[in-house]
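Open the model in your viewer and keep the selection tool handy. We will go from one stop to the next, picking residues and looking at what surrounds them.

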Amino acid sequence: MLPSHRSSLRAASYALEDRIPVRKIGQSHGEAWQEAEAQIFRRPQQKDEVLVPAVVEPLLVWVISGEAQIEECELTGEWTKTEVRTGSFFLTQTDAPYLMRWQADPERPFEVMHLYLGLALVKRAARSLGLNPSRLRMRDISGVQDAFISGVLTGLTAEIQTVHSASSLFVNGLLESLTIHLLRHYAETHSALTPRRAQLPAWKLRKALDHMEAHLAEPFDLDFLAGLCGMSRFHFSRSFHNTMGQTPSRWFVRRRVEYAKELLCQSDKSVIKLALTIGYESSSHFAQVFRRETGISPRDYRKL
């Protein structure tokens, strides 16, 4: 069985992976990666909008190859634009979800690494610097170049892609050096940090999302989801909203509509049959929900 901190890292990475349409081309594995989780992705050239869930652990995203225009915004804010190229990195440890979209140069593959740093690693590194871990949080960084970070992540990328078992001594040395560098240059120290809003633990988020994904054609059941996570309706709903930026029922409806879009493009089922397939009792109700979410009718969407 995975240690609890490692299980949390893996669940957090999968939760984000589920939200972003990518092709995974590398994954950390083995005993060398007890305190971090790393994935390498090839992203599509364009994505209009992705909801990125809140993350408890520091998340570093590093551009391995390609160039892109990336835009980010808070759920109620304005879009900010960043031009990135090979070596650019993003850093976040946000307690609120946000939106992201991008347009990459079609001439080169757009490949990125996602690196989650375990809280135990971060706390140990902070204490080695004489810092109080409870007073620290990583700043949000977008599209910055840092030669030291690129050097360390180049080494970690090679270790992920090696045909041999990863070296614990090598991986841990790089991760500890990287974490100390991040704390020295990109962390904020506060006399009293604002308490983080209650969030759904990563493994519970994974449970809830997986269940809803597998039961899109069935009625939404908040009581079952809360029970699945061992929480009350109120605490589950609040924690889910703090983590995903929307209520569980809202996520369920939006995912149903996304599934409907896939079916409209990939099958020639009539709209009424398609509505029944994804759990709506009438085509009119389905069309009403679809139009509210997309701005057009199912039939018009199929013609696009």
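Start with what packs over helix α3: the cover on its buried residues includes the strands β1 (23–27), β2 (36–43), β4, β7 and β9 (110–117), together with helix α4. Keep in mind throughout that this is a predicted model.

**Stop 1: helix α3**

Select residues 147–161 to bring up α3 itself. Which of its residues are buried? Colour I149, S150, V152, L153, G155, L156, T157, E159 and I160, and you have them. In an α-helix there are 3.6 residues a turn, so positions three or four apart point the same way. Now try the distance tool on the end C-alpha atoms of α3: they are 21 Å apart, which agrees with the 21 Å that its 15 residues should span at 1.5 Å a residue.

**Stop 2: strand β7**

Next, pick residues 88–92, strand β7, one of the elements covering α3. How many of the 5 residues in this strand are buried? The count is 5 of the 5, so β7 is largely enclosed by the rest of the structure. In a regular strand, side chains alternate between the two faces of the sheet. Show the side chains here: S88, F90 and T92 point one way, while F89 and L91 point the other way, and all are buried.

**Stop 3: the partners of β7**

Add residues 59–65, strand β4, which pairs with β7 in the antiparallel sense over 4 bridges. Across that pairing, look for W62 opposite F89. Then add residues 141–145, strand β11; β7 and β11 also pair in the antiparallel sense, over 3 bridges. Here L91 stands opposite I141.

**Stop 4: T179 in helix α4**

Move on to α4, residues 168–186, and pick out T179. Is T179 buried or exposed? It is buried, because its relative accessible area is 0%, against a cut-off of under 20%. Leaving aside residues up to four places away in sequence, T179 touches L117, L121, V122 and A125.

**Stop 5: the cavity**

For the last stop, run a cavity search if your viewer has one. Over the whole structure, 1 cavity of 30 Å³ or more is found, and the largest cavity has a volume of about 50 Å³. To see its lining, select Q27, S28, H29, W33, E159, I160, T162, H164 and A166. What is the make-up of that lining? The residues divide into 3 nonpolar, 5 polar and 1 charged. Two of the names may ring a bell: E159 and I160 line the cavity and are also among the buried residues of α3.

Notes:
Residues numbered from 1 in each chain as written. Predicted model: local features only at pLDDT ≥ 70, side-chain atom pairs only at ≥ 80, totals over all residues. Heavy atoms only, no water. 1 Å grid on protein atoms, 1.4 Å probe; cavity = no way out; pocket = protein on both sides within 12 Å on 5 of 7 lines; lining within 4 Å. Points joined across faces, edges and corners; volume = space filled by probe spheres on them. Nonpolar A, V, L, I, M, F, W, Y, C, P; charged D, E, K, R; others polar. Helix = DSSP H or I, 4+ residues; strand = E, 2+ residues; numbered from the N terminus. Buried < 20%, exposed > 50% of the residue type's maximum accessible area, 1.4 Å probe, protein only. Contact = heavy atoms within 4.5 Å. Pairing = 2+ DSSP bridges. Expected span 1.5 Å × (residues − 1).
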